[in-house]
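Here are a few friendly notes for your next look at this model. Please take them point by point with the structure open.

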Amino acid sequence: MDKETRFKSIIEENRDRIWRLCCCYVADENERHDVYQDALGNLWRGLDGFEGRSEVSTWIYRVTANTCLGHIRTERRRRELLDADSRVEEMEIVDQNLGEEPASGNDDVRRLYECIGRLRPVDRTLVSLYLEELSTKGMSDILGISEANVRVKIHRLKKELKRMFEETGHGLG
Amino acid sequence: MDWDDAIERAKRSRAPDVAARAGSNAGRLVDGLISRLKAQDEADRKSMRRMVFFFGLAGAIYIMIFTLTWIAPPDTSPVTNRLVLALFSLILVSVGLWSARKARDLAGIDYAKPVDLFLREAERRYRFINARDLRIIVPFFVIVTGTAGLGWMTAFSRYFYWLESSTGLISFLIYWSGASVLGWFVGWRVWMKKRAPFFYEIRSMRAELDAGEQDAGA
């Protein structure tokens, strides 16, 4: 199977999970498409080096998570270059976009994604993998940290997310 | 709906129709992307070949001139002239090889590594000077200093022949130290402006990721 066919087949099978991961990192719809395409680009470039020693899904999650983290760094830098007024304006736009069905039309799921968007980048990675229902071992392989650490972090993040989720719920009335 | 339901629904929720959001069908989206990626790969390869060609050619020219100094020795300071030319050739070849390696490293960033390792490597790339580069930079700096010193002393003895050579050496050391400090300072300022924010951001991400290892182990 040539590279192009192999790539197409992998993307066909995993497009949804790549997209879902991007949803957890990027609030803005257009930006999310950019990150999604960047992730596909990095998958394409890395395909020759992928020897199948790990699961395809693990490889995909790693590449996508690293791409998203890279994007957050670039994005933060870009925002730092903006003046204070446009930064405030942009934050408002991002907030509005967060409300535009990140992955589902449901208000509560939307609110959940909004809360995820407020987490620190690394925590977003963990939550996105948790929502993919990966095992602790799977998350540990992707992140390169111990399983015990993954468990501790997930436990803490679930509590933090739940608190944020309930607070925003009260705020909404 | 409560928290648990929201989590369950988020886990079950399938990605929206990516193709529809992109305003195209999925196949065409991927096909278009593949074409662009292939073009980018080809452009990267061409750029790498151009760089190697340029430095290779410049190095070859200097090696040729160096060889000529043996066939037709220059009238003044033939040994110094040869040494300067030899060092220049060495510098060009080293810069060529180093640039090619840097370009290859940047083009070949491996996104498939575990996040922790990926961040560790990114931190190394964004550092002001990393240990691996020092192995190249220090010898390179020594060679450039030697070459510049020889050139300076040759010119000094030609144009300021009535002064002692120790004056020439001192003046070179003052000039070279000043130029080197200024060069490092400018490099550091550029790094602070362009790369340091990424560097510190990556470092904080790594700290976040590693935080809890001890607690988890306890």
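1. Let's begin with one side chain and its neighbours. Leaving aside residues up to four places away in sequence, Leu43(A) touches Phe7(A), Ile11(A), Ile18(A), Trp59(A), Ile60(A) and Val63(A); a contact here means heavy atoms within 4.5 Å.

2. A word on conventions. This is a predicted model, in which local features need pLDDT of at least 70 and side-chain atom pairs count only at pLDDT 80 or more, while totals for chains, interfaces and linings use all residues. Residues are numbered from 1 along each chain as its sequence is written, chains are lettered from A and ligands numbered from 1 in the order in which they are written, and side-chain values use heavy atoms, with hydrogens and water left out.

3. Leu43(A) also appears in the largest nonpolar core, which has 66 residues; Ile18(A), Trp59(A) and Leu131(A) join Leu43(A) as those with the most contacts inside it. Helix α1 (residues 3-25) of chain A supplies the largest share of this core, 10 residues. Such a core is a set of buried Ala, Val, Leu, Ile, Met, Phe, Trp, Tyr and Cys residues joined through side-chain atoms within 4.5 Å, buried being under 20% relative accessible area with a 1.4 Å probe, protein chains only.

4. Chain A has 8 helices and 0 strands, taken as DSSP runs (H or I, at least four residues; E, at least two) numbered from the N terminus. Of its 173 residues, 53% are buried.

5. Please keep an eye on confidence: pLDDT (from 0 to 100, per residue) averages 78 in chain A. Helix α4 (residues 84-98) of chain A has the lowest mean among the elements, 39, and helix α7 (residues 136-143) of chain A the highest, 91. Over residues 83-105 of chain A, pLDDT stays under 50.

Key: pLDDT is the predictor's confidence in each residue, from 0 to 100. Buried means under 20% relative accessible area, exposed over 50%, partly exposed in between (1.4 Å probe, protein chains only).
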